Amino acid sequence: MDLKVFSGNANKELAKEIVKKLNINLGRALVNRFSDGEIRVKIDENVRGKDCFIIQPTCTPVNENLMELLIITDALHRASAKRITAVLPYYGYARQDRKAEPRVPITSKLVANLLVASGVTRILAMDLHAGQIQGFFDIPVDHLYAAPVILSYFNRKKIKDLVVVSPDAGGVERARAFAKRVDADLAIIDKRRPRANEAAVMNIIGEVKGRSAVILDDIVDTAGTLCKVVAAIKKEGAEKVYAACTHGVLSGSALQKINESELEELIITNSIPLGDKKADKIVVLSVAPLLAEAIRRIYNNESINELFV
């Protein structure tokens, strides 16, 4: 078979799940460190003319995982791989996607340039922070959403009188599409963000009183904003509040905030490894079957349109 799947150290468990679904072995490669901390990579099998996929979310430690991805790509490129697809279950540095104020970088564009320069010829990403990031790459980008996995979970729970909450104006399109599929109403949070990782809830647009609410977002980082939204919704009289976020970054005191909040459950995916950041309120869903099916279709030059929800 000309399909080869490699992984860095960012999320080995997800990579193992994906290759198991594909019924193949993980590509043999050495990815470790020299004594001074530099990354050392050695591809231990022939990849000449092969269709290679590298599974590597650029999550914490972001810089280490990004450099691993760049160096693995360079190794495959110099070993004459036919096509190199970077599979990015989580795309780090995505939050700075425009010049929101003077003298700031656009890091999501910078990282896109680095990936293309290293030899990546295709991107398979999941729930990018902003859709326009696809345009930062001058190569094909397949942008998947974890929505089918999260939808399936909520359909199994059969929660009655549900309202889907967008935590900000930017997430309305995602929340509206989700609400339509679970036959729920939509509510929107009007908030202000005076500085990074800090937000103040101003108004709730929509009816949440006496209902179960699901806050839908792509990332939960420090959970500060999320817990403020939960408190605001409960104050308005919601019965239960759930949150569903594709990428559980969970930095700083996120776990403490979640545990102390009135949140019923936080549903995330394994796009980022949870490690020891476990809590009773956190439910982790696997996106391995979705990514495996996308890889299979890309390899076979089949449409992946059906996977976009």
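At 52% relative accessibility, Arg98 counts as exposed in this predicted model. Its salt-bridge partner, Asp97, is buried, with a relative accessible area of 8%. The side chains of Arg98 and Asp97 meet with a nitrogen-to-oxygen distance of 3.1 Å, so that the bridge joins a buried residue to an exposed one, given that buried means under 20% relative accessible area and exposed over 50%. Side chains of opposite charge can pair when their charged atoms come close. In total, the structure holds 17 salt bridges, and a few others are worth a visit.

Asp142 and Arg122 form another of these bridges, their closest N and O atoms being 3.0 Å apart. This pair links distant parts of the chain, with Asp142 in strand E7 (residues 141–144) and Arg122 in strand E6 (residues 122–126), 20 residues apart. Both partners are buried: Asp142 has a relative accessibility of 9%, and Arg122 one of 19%. The value for Arg122 falls under the 20% cut-off, and Arg122 therefore counts as buried. Salt bridges that share partners also occur, joining Glu293, Arg296, Arg297 and Glu302 into one network.

Within a helix, a salt bridge can be followed along the turns. Asp74 and Arg78 both belong to helix H2 (residues 62–78), where they sit four residues apart, about one turn of the helix. An α-helix has 3.6 residues a turn, so residues three or four places apart point the same way. The side chains of Asp74 and Arg78 meet in a salt bridge of 2.7 Å, N to O. In terms of accessibility, Asp74 is partly exposed, with a relative accessible area of 27%, whereas Arg78 is exposed at 65%.

Helix H8 (residues 288–299) is home to Arg297, one of its buried residues. The helix has 12 residues and reaches 16 Å from its first C-alpha to its last, close to the 16 Å expected at 1.5 Å a residue. Along with Arg297, the buried residues of H8 are Ala288, Leu290, Leu291, Ala292, Ala294, Ile295 and Ile298. Just after H8, Asn301 takes a positive phi of about 55°.

The strands come next, starting with E6, where Arg122 lies. Strand E6 is mostly covered, since five of its five residues are buried. In a regular strand the side chains alternate between the two faces of the sheet. Both faces of E6 are covered: Arg122, Leu124 and Met126 are buried on one side, and Ile123 and Ala125 on the other. Strand E5 (residues 83–88) runs parallel to E6 and is joined to it by four bridges. Thr85 has Arg122 as its bridge partner in E6. Although 37 residues separate Arg122 from Thr85 in sequence, their C-alpha atoms are 4.5 Å apart in space. Arg122 thus takes part both in a salt bridge with Asp142 and in a strand bridge with Thr85.

Strand E8 (residues 162–166) has a similar covering, with five of its five residues buried. Leu162, Val164 and Ser166 point one way from E8, while Val163 and Val165 point the other way, and all are buried. E8 pairs with strand E11 (residues 212–220) in the parallel sense, over four bridges. In this pairing, Val164 stands opposite Val214 in E11.

Finally, the search for empty space turned up both open and closed regions. The second largest pocket has a volume of about 350 Å³. It is lined by 23 residues, of which Cys59, Thr60, Val62, Tyr90 and Val249 are the closest to its centre. By class, this lining has 12 nonpolar, eight polar and three charged residues.

Across the whole structure, one cavity of 30 Å³ or more is found. The largest cavity has a volume of about 30 Å³. Its lining is made up of Tyr90, Tyr91, Ala94, Met126, Asp127, Leu128, His129, Asp218, Ile219 and His247. These residues divide into six nonpolar, two polar and two charged. Tyr90 appears in the linings of both spaces: it is one of the residues closest to the centre of the second largest pocket, and it also lines the largest cavity. Met126, another residue of the cavity lining, is one of the buried residues of strand E6.

How values were computed:
Residues are numbered from 1 along each chain as its sequence is written. This is a predicted model: local features need pLDDT of at least 70, side-chain atom pairs count only at pLDDT 80 or more; totals for chains, interfaces and linings use all residues. Side-chain values use heavy atoms; hydrogens and water are left out. A salt bridge is a side-chain nitrogen of Lys or Arg within 4 Å of a carboxyl oxygen of Asp or Glu. Helices (H or I, at least four residues) and strands (E, at least two) are DSSP runs, numbered from the N terminus. Buried means under 20% relative accessible area, exposed over 50%, partly exposed in between (1.4 Å probe, protein chains only). The expected span of a helix is 1.5 Å times one less than its number of residues. On a 1 Å grid over the protein atoms alone, a cavity is a set of points where a 1.4 Å probe fits but cannot get out, and a pocket is an open set with protein on both sides within 12 Å along at least five of seven lines; lining residues have an atom within 4 Å of a point. Grid points are joined across faces, edges and corners, and a volume is the space filled by probe spheres set on the points. Ala, Val, Leu, Ile, Met, Phe, Trp, Tyr, Cys and Pro count as nonpolar, Asp, Glu, Lys and Arg as charged, and the others, Gly among them, as polar. Two strands pair if DSSP finds at least two bridges between them.
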